Amino acid sequence: MNVTELLAGLQAQHDETTARAAELRDQMQHLTAALAETEARLADLATTAKVIAELAPAGGDLDPPETNTAYQAIVNAFNQHPNQVFRARELHELLDMPTDEASVNITRSRLGRLTRQGFLTQPGRGRYQKRT
């Protein structure tokens, strides 16, 4: 290998390394900008959480208590009658809950959620039973 070939090889490596350094600088600029945006978003979220915490009721319970009570009543009914199959309206009658269509539809939604969570099964359309 002669000196000219050696210098040409070094120049090629220099050019490749210079191009790689430029790529890395571009990436650093992009990442720096993305980091600044993300940190600004974190600051906004922290401020929002602080404001909501200050405005929230003292109890800190964001779910209305009747929702938790309704789910608990439904679960208790199935626990007390593990082999019985219920329709939503029958469950309302058993629990002395309102039987208007809107209330029954809410319970249907709750029963669907309990089914998806694996607590209940559906032996027939619109019928629910405790999973055994």
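## A long first helix and a small salt-bridge network

Helix 1 covers residues 3-55, and its 53 residues reach 77 Å from the first C-alpha to the last, close to the 78 Å expected at 1.5 Å a residue. Please keep in mind as you look around that this is a predicted model.

Let us start at the N-terminal end of helix 1. The cap here is N2, with a side-chain oxygen 3.1 Å from the backbone nitrogen of T4. The same region of the sequence also contributes to the surface: M1, V3, L6, L7 and L10 make a nonpolar patch of about 580 Å². One of these residues, L10, is placed in helix 1. L10 counts as partly exposed because its relative accessibility is 47%, a value between the 20% and 50% cut-offs.

Now to the interior. The largest nonpolar core has 13 residues, and those touching the most other members are I74, F78, L91, L111, L114, L120 and Y128. Two or more residues come from each of helix 2 (65-80), helix 3 (88-94) and helix 4 (101-116). Helix 2 is the biggest contributor to this core, giving 5 residues.

How many salt bridges does the structure hold? There are 3, and the table sets them out with their N to O distances.

| Salt bridge | N to O distance |
|---|---|
| R20 and E23 | 3.4 Å |
| R89 and E101 | 2.8 Å |
| E101 and R108 | 3.2 Å |

The pair R20 and E23 belongs to helix 1, where the two residues are 3 apart and so separated by about one helical turn. R20 is partly exposed, with a relative accessible area of 43%, and E23 is partly exposed as well, at 44%.

The salt bridge between R89 and E101 has its closest N and O atoms 2.8 Å apart. This pair links distant parts of the chain, with R89 in helix 3 and E101 in helix 4, 12 residues apart. R89 has a relative accessible area of 29% and is therefore partly exposed; E101, at 42%, is also partly exposed.

What does E101 form with R108? The two make a salt bridge, their closest N and O atoms lying 3.2 Å apart. R108 counts as partly exposed, at 34% relative accessibility. Through shared partners, the salt bridges join R89, E101 and R108 into one network.

Note on methods:
Residues numbered from 1 in each chain as written. Predicted model: local features only at pLDDT ≥ 70, side-chain atom pairs only at ≥ 80, totals over all residues. Heavy atoms only, no water. Helix = DSSP H or I, 4+ residues; strand = E, 2+ residues; numbered from the N terminus. Expected span 1.5 Å × (residues − 1). Polar contact = N/O pair within 3.5 Å; in protein donor to acceptor, adjacent residues only side chain to side chain. Patch = residues over 30% accessible without salt bridge, like charges linked within 9 Å, V, L, I, M, F, W, Y side chains within 5 Å. Areas by Shrake-Rupley, 256 points an atom, 1.4 Å probe, with all protein chains shown as cover. Salt bridge = Lys/Arg side-chain N within 4 Å of Asp/Glu carboxyl O. Buried < 20%, exposed > 50% of the residue type's maximum accessible area, 1.4 Å probe, protein only. Core = buried A, V, L, I, M, F, W, Y, C linked by side-chain atoms within 4.5 Å.
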